[in-house]
Amino acid sequence: MAKVPADGAVRGGRTARAAGARAAPRDRAAERAVCCYLCGRRFDVPARAMSTSCPGCHRAIRIEDVVVRTYVPTQEMQTCGSIVVERKGRVAARRITAGVALRCDGTIDGAVECTGPVVLGAHAAWKGQSLRSPALRIDDGATLIGHVCVQGGSPPGDADASGDVPDAAP
Ligand SMILES: [Zn+2]
């Protein structure tokens with residue numbers, strides 16, 4: 001119920017940028033929406049945060065972008081951000097989950113689940129049980145071994161594309 005100042009500066013407008021508001025610690029513009037990979041809850045986090053506790057399931061989740069440059073054997077690689085596997089990078093995991101996007105120019109061994117687009121570069125090699133993504137780009141030369149499931153159409157919350165999602169009534 002904040003009163004709008006006389007000059008009509010509304011949140012989401014030019015306030016942050018015009019004032020050069022670098023010092024503002026709680027700048028709304030510095031937040032981004034994430035979706036918990038454990039329970040599906042959507043919420044906002046500070047743009048630079050690397051991990052957080054989900055308000056839905058109260059578990060610690062990773063929200064940073066992950067860049068793989070070497071061989072990374074792990075149980076599960078999960079983040080609400082993006083995963084990038086570089087040319088010499090290799091991930092071996094039971095499950096690889098990315099919230100924003102996944103790009104691979106190296107090697108991935110394991111099931112991939114991404115709620116954003118997946119790009120397999122020309123040197124990419126993927127082998128796993130399944131690869132699920134709403135959009136998939138495969139460059140000439142990439143190797144895929146496994147079951148690929150690309151579910152097009154609009155996902156349940158297609159307000160995503162417009163960016164700022166207002167808090168819905170629970
Ligand atoms: Zn959760």
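Strands β8 (residues 82–85) and β10 (residues 101–104) run side by side in the parallel sense, with 4 bridges holding the pairing on record. One of the matched pairs here is Ile 83 with Leu 102, its bridge partner in β10. All of this comes from a predicted model.

That pairing belongs to something wider. Altogether 5 strands make up an open sheet, lined up as β5-β8-β10-β12-β14, and the pairing is parallel. At the edges sit β5 (66–68) and β14 (135–138), each of which pairs on one side only. On average, neighbouring strands of this sheet are turned by 5° against each other, with direction ignored. As a general point, side chains in a regular strand alternate between the two faces of the sheet.

Earlier in the numbering, the pairing is antiparallel instead: strand β1 (residues 31–35) meets strand β2 (residues 42–46) over 5 bridges. Within this pair, Ala 33 has Asp 44 in β2 as its bridge partner. The two strands form a hairpin, with 6 residues between β1 and β2. In the turn, Gly 40 shows a positive phi of about 90°.

Stepping back to the protein chain as a whole, strands make up most of the list of elements, with 15 strands and 1 helix. The chain has 170 residues, and 22% of them count as buried. As for contacts, among those with a separation of 6 or more, 9% are between residues 24 or more positions apart.

Methods. Residues are numbered from 1 along each chain as its sequence is written. This is a predicted model: local features need pLDDT of at least 70, side-chain atom pairs count only at pLDDT 80 or more; totals for chains, interfaces and linings use all residues. Two strands pair if DSSP finds at least two bridges between them. Axes are lines fitted to C-alpha atoms, for helices over the stretch in contact, and angles run from 0 to 180 degrees between N-to-C directions. A residue is buried if 20 or more other C-beta atoms lie within 10 Å of its own, exposed if 12 or fewer, and partly exposed in between; C-beta atoms are placed from the backbone. Two residues are in contact if their C-beta atoms, placed from the backbone, lie within 7 Å.
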